[in-house]
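Let's take a walk through this structure together, starting with one strand and working outwards. Have the sequence and the 3D view open as you read.

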Amino acid sequence: MEKMRRAGLRGLVAVLALAGMAFAAGETRKQLHFKVGTHPMVSINNPYGPILVKGGPEHEVSVVAVLHSNKVELDQGQSGNRVSIVSHLLPGADATTGIVDYEVTVPVNASLSLHSDTGRIHAEKLHGDLTLEGRSAAVEVWDCANGHVHVKTLDGAVTLTNVENGHIEVISMGGNVVMNAVNGPYVTVNSNTGQILYDGDFGDEGEYDFTSHTGNIEATAPAYASIEVLARSTNGPVQSDFSLEPKHSPFIGKVGSAFHGTLNKAASSVNLFSFSGKIHLKKRQQ
Amino acid sequence: MNCVEFERVLSGSPEGTHTADQQAHLDSCPACASLVADLELITAKAKLLIASDEPGPSVWNAIEAQLRREGLIRSAERVRVEVPFWQRWRTAWLIPAAAALALVVGLKLYQPPRVGDPNTVAKQTAPAVAPRPVANPVSKEDQQLLSTVASRPPAVRARYRAHLDAANSFIHDAEESARNDPDDIYMQQMLMNAYEQKQLLYDLAIDRSSAPDLGEQ
């Protein structure tokens, strides 16, 4: 009993200490609401700190922002259907004191432009166009459809999950790009050292271009996938788990460094190119 | 001037001043710029320690012994640590700065021995500091990018420099392959992708923490 009481006291002290730290650190919580029309455009630029955006009610953009110090302030503006928010760093702000945490809900058909240097960028349940940029920020897109998805990172990992009918362009220098159940008329990933990992069925009549300099490319598809695959690594190994119907290759390659073939009706085109990374087309285990 | 020459003259430079040669090297070498930034930070912090008690001789002897073990000072230079070495410093408050400097240099140069390496002992006693590789030359346009991020923290600048090297390497490889086979449209596409990566670096180098151009609410 005594032990439990002591543990409870310790917990209370910890909570009070954390609350005290938060108070001392000068955290400020701000709530913003914007009335918007159909297809609004929302732009958030937050150098340090996460930006989490979800689809919500129509005609309203709601923002909850937690500022970690008085070294950063919010600059906000609205012009018709356009809403813009910037975490404005004041003199002396750094990667700790300049942090602002954003949680935002927007109409599902809103278009977004989000930028963060280091904070996580997360977009979920949206049908509008998404432009997401982060230096080392991880970028996540979940359960989105029918929009353009443009992602740029330097080191930040990129995760696209359940993105339907998207026009998707991802470019990253060193971040791994992971796609699960992603399809659309145009899906392109351009990486330097980061890996490109795709797991999906390549949809219907889409074009999928994955390119890297040294990063490995791994694409996993089910046996029913309908694809024409062209794969080549100039200085790396290339491997396929499928018995593809061979097609004439448009280039001369060393054995084991390229293949070109079709599976089923070859509805979608899949191009996997690397300079020195390993390329593996894997068959999904049932 | 390369990195080795720069480090050789660094300790003789008065605080915060550099010759034109040194400044030119600093502008082109993120690694040395990072080292100087670290040293300036240490020096600034050390000023706060003016009032603190100077550690006893045993501490300095231990540091000297550690530096000797690391191979950072050689037997030929063996002198009483306190007198000639410290006299090079103008004020006593720089003593802890010097100790911190030695530790920073030691950490930067320290290479842990590999497991099972029979030459470990010989390597540890090998004379002095191995020369650091000279950084890749920076083109005018790349210099522009690096100057855009010059105000960022050293680690961020170093990452930009590394990514710049990676993008240039991709461009070089793709260009060479495209030159070898001008009809290879796929390699031409790779080359375009490589340039797109360089464009990405420029895009993300821009500081966007300014006010929006929309009307305030």
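**Starting from a strand pair**

Begin in chain A with strand β17, residues 196-199, which is joined to β19(A) by 4 bridges, the two strands running parallel. To find your way into this pairing, pick out Leu197(A): its bridge partner in β19(A) is Glu218(A). Keep in mind that what you're looking at is a predicted model.

Now turn to β19(A) itself, which covers residues 217-221. Which residues make up its covered face? They are Ile217(A), Ala219(A) and Ala221(A). Flip to the uncovered face and you'll find Glu218(A) and Thr220(A). So much for the faces; the edges of the strand are worth a look too. Glu218(A), from the uncovered face, is the residue that partners Leu197(A).

β19(A) has another pairing, this time with strand β25 of chain A, residues 279-283. Here the sense is parallel again, over 5 bridges. Two spots help you line the strands up: Ile217(A) stands opposite Ile279(A) in β25(A), and Thr220(A) has Lys282(A) as its bridge partner. In general, strands of a sheet pair through backbone hydrogen bonds, either parallel or antiparallel.

Zoom out, and these strands turn out to belong to an open sheet of 12 strands in chain A. Follow the order with your finger: β1-β4-β7-β3-β9-β11-β13-β15-β17-β19-β25-β21, with mixed pairing. Where does the sheet end? The edge strands are β1 (28-35) and β21 (238-240) of chain A, each pairing on one side only. From one strand to the next, the twist averages 10 degrees.

Taking chain A as a whole, there are 25 strands and 1 helix. The chain has 286 residues, and 45% of them count as buried. As for its contacts, among those with a separation of 6 or more, 46% are between residues 24 or more positions apart.

Chain A also has a partner. How many residues of chain B are in contact with chain A? There are 25, and they touch 32 residues of chain A. On the chain B side, the elements giving two or more residues are α9 (154-180) and α10 (185-205). α10(B) gives the most, with 8 residues. Sorted by class, this side of chain B has 10 nonpolar, 8 polar and 7 charged residues.

Key
Residues numbered from 1 in each chain as written. Chains lettered and ligands numbered in written order. Predicted model: local features only at pLDDT ≥ 70, side-chain atom pairs only at ≥ 80, totals over all residues. Buried ≥ 20, exposed ≤ 12 C-beta atoms within 10 Å, placed from the backbone. Contact = placed C-beta atoms within 7 Å. Pairing = 2+ DSSP bridges. Axes fitted to C-alpha atoms, helices over the stretch in contact; angles between N-to-C directions. Nonpolar A, V, L, I, M, F, W, Y, C, P; charged D, E, K, R; others polar.
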